[in-house]
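Good morning, and thank you for making time for this short presentation. I shall take confidence, salt bridges and helix packing into account, and I would ask you to keep the structure in view.

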Amino acid sequence: MCGIVGYIGASQAAPILLDGLGKLEYRGYDSAGIAVFDGEEIQLKKATGRLKVLSELTHDGATMPGTAGIGHTRWATHGSPSDTNAHPHCSKGNGIAVVHNGIIENYLKVKKKLTNKGYEFLSETDTEVIAHLLDYYYKGDPLEAIIKVLHRVEGSYALGIMFKDHPDQIYAVRKDSPLIVGKGEEGNLIASDVPAVLKYTRDVYFIQNEEIALLTREHITFFNMDCEEIAKESVTIEWDINAAEKGGYEHFMLKEMYEQPATVRDTLNPRLKKGKIVIEELGMTPEEIQNIRKIHIVACGSAYHTGVTAKYVFEGMARIPVEVDLASEFRYRNPILEEWDLVLIISQSGETADSLAALREAKSRGVKTLGIVNVVGSSIAREADKVMYTWAGPEIAVATTKAYSAQLIAQYLLAIHFAQVRGTITEKEAGSLLNDLKRLPDQIELLLANKGKIQKFANRYIAARDVFFIGRGVDYAISLEGSLKLKEISYIHSEAYAAGELKHGTISLIEEGTLVAAVATQEDLYKKTISNILEVRTRGAFVLAVTNEGNTEIEKAADYVIYLPQTSSYFTNSLAIIPLQLFSYYVAVGRGCDVDKPRNLAKSVTVE
């Protein structure tokens, strides 16, 4: 979950490395470091804390001259955050420098071997074994040494490597951790993610597993594990570079919340043609859709919560049984997968380690897979049988908002399409649902315009210790995401419960003044949810209710009510989540939390 940047070219490397790392700081911010070849030696600077500490230490890179270098911003896995554990790591005499994203699973075994050979280790990291192992195998040919190391190490990795003896070269390698190569006019780059290189180039190569890239000032060459040169085609990135900047907003998270209407339109509109849903990338015949016996939705975090919503939508509309699995559990429970099952893998980055492993497990069983991802060319996008992009653009804040909304839309479209093909809804019903979908962007804008009222309410709960979210059906899925947003960025303990489960133990936690957020958007469940609201309110809870326009009966039970525009009961998550996102945001801001980079979290979880 760390960020890697490398540069070799005609310009000074250190400022470019620091600038690129700044675009990747959402991936890791415990410590940072850069290594630059100054013409004679590989010079190293590392610092604990946010990237600005390293920038100040190097005077924005001015004190580290040189036109080739690698950099890293870290999210700790092996060893606590410290200057010593920060990357880059070097072999003895700084002859080889390495930056690494991922986990080397057999590092203790390798470390023991190297220690017996006389190598001394300074850090607690798994990465340092790579630097020393490279030194052990290096006999003058960097590529030969790299390939030997890759045959010895187990786990996931994206590597940037420099050799003092070959100052005009940088090497990049990946296995199960993201890494791209950018070809620029003034030099070439490596990076963990596209935003780091957009300032310098839009032409990038996506390195696949066990491929090695050799970068010089003018050329980029790719090799496989047999040391054979391979041909690759670059991809032109169409993002507007301003999409990765704050654009006047105080935080990326706030900016990305306000981008949700556009995100919904961008994900929706290309799939609507002449009043019909056309998902060209799906590549499934009507017969294949009719033959689906079960859908398995596999994801992590917020993407998993969209899957919980989608279960209700697919089962309600298309009458297809759905199982929703946390990706970290899916492959370890030996899931029962049948020939006519469909596995949906949902991931914003397309690089989530557990989700990628689940995808590979499904494919090894011969089951059809569909990736719903946001990043073009990502591992899940490449490895799934089919891919459906969400077109949310770059999402920088660690806590997802617009990618979550886009994932919901993608699954709504799939559900309606499947239902039409299977004949479980009429053309009239499909038309009504599509009209509701097309209204969602404008309705989201209306809710965002109400931020002032939500901010005032949030200010009352800056000092809260516990908050509970409750709901039934789709509203339970909304509650899961609302609760996660609050705990992610404000560090307030928060839990979500199916409202009907309150009496089975959870209600014992309710005391005077406890905030309970009750979501009630399912008309056929209003009365039951109101009963649950009364249960917590009579025990001293203060109740915030989120419900549909017209459900004024809830005012008798709740203390504060947020009303949503009318839409299909299947799509209420797309509206109800907006005030809950805003509430979490303003509570976190009021508490002085770092909203975009919450502690202990990283944007793209590329290790198990």
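Let me begin with a term. A residue is called buried under 20% relative accessible area, exposed over 50%, and partly exposed in between. Lys368, with a relative accessible area of 29%, is therefore partly exposed. Please bear in mind that what you see is a predicted model.

I turn to confidence. The mean pLDDT of the chain is 90, and 96% of the residues score at least 70. Where in the chain is confidence lowest, and where is it highest? The lowest mean, 86, belongs to strand β16, residues 272-273, and the highest, 97, to strand β13, residues 220-223.

Next, the salt bridges. A search of the whole structure returns 27 of them. I shall discuss several in detail.

Lys368 is a partner in one of these, for its side chain meets that of Glu288 at 3.9 Å, N to O. This pair links distant parts of the chain: Glu288 sits in helix α8, residues 286-290, whereas Lys368 belongs to strand β21, residues 368-373, and the two positions lie 80 residues apart in sequence. Glu288 has a relative accessible area of 23%, so this residue too is partly exposed.

A further salt bridge joins Arg265 to Glu445, with 3.4 Å between the closest N and O atoms. Here again distant parts of the chain are linked, Arg265 being in helix α7, residues 260-268, and Glu445 in helix α14, residues 427-448, 180 residues apart. As for accessibility, Arg265 is partly exposed at 27%, and Glu445 is partly exposed at 38%.

The next pair is Lys294 and Glu323, whose side chains form a salt bridge at 3.0 Å, N to O. Lys294 is in strand β18, residues 294-299, and Glu323 is in strand β19, residues 322-326, so the salt bridge ties together parts 29 residues apart in sequence. The relative accessible area is 23% for Lys294, which is partly exposed, and 28% for Glu323, which is also partly exposed. Which residues are joined with Lys294 into one network by salt bridges that share partners? They are Glu323, Asp325 and Arg333.

I come now to helix packing. Two packed helices are described by the angle between their axes and the distance between the axes.

Helix α13, residues 402-422, packs with α14, the helix that carries Glu445; the axes of α13 and α14 come within 10 Å and cross at roughly 170°. With angles over 145 degrees counted as roughly antiparallel, α13 and α14 are therefore roughly antiparallel to each other. On the α13 side the contact is made by Ile409, Tyr412, Leu413, Ile416 and Gln420, and on the α14 side by Glu427, Ala430, Leu433, Leu434, Leu437 and Leu440.

How are α15 and α18 oriented to each other? Helix α15, residues 451-459, and helix α18, residues 572-590, pack at about 50°, with 9 Å between their axes. The two are therefore oblique, and their crossing is right-handed. Lys451, Ile454, Gln455, Phe457 and Ala458 of α15 make the contact with Pro579, Leu582, Phe583, Tyr586 and Val587 of α18.

Finally, I would draw your attention to Gly316, in helix α9, residues 301-318. Its relative accessibility is 30%, so Gly316 counts as partly exposed. The C-alpha atoms of Gly316 and Ile425 are 9.9 Å apart, although 109 residues separate the two along the chain.

Methods. Residues are numbered from 1 along each chain as its sequence is written. Side-chain values use heavy atoms; hydrogens and water are left out. A salt bridge is a side-chain nitrogen of Lys or Arg within 4 Å of a carboxyl oxygen of Asp or Glu. Helices (H or I, at least four residues) and strands (E, at least two) are DSSP runs, numbered from the N terminus. Buried means under 20% relative accessible area, exposed over 50%, partly exposed in between (1.4 Å probe, protein chains only). pLDDT is the predictor's confidence in each residue, from 0 to 100. Axes are lines fitted to C-alpha atoms, for helices over the stretch in contact, and angles run from 0 to 180 degrees between N-to-C directions. Angles under 35 degrees count as roughly parallel, over 145 as roughly antiparallel, 65 to 115 as roughly perpendicular and the rest as oblique. A crossing is left-handed if the near helix is turned anticlockwise from the far one by less than a right angle, and right-handed if clockwise. Contact means heavy atoms within 4.5 Å.
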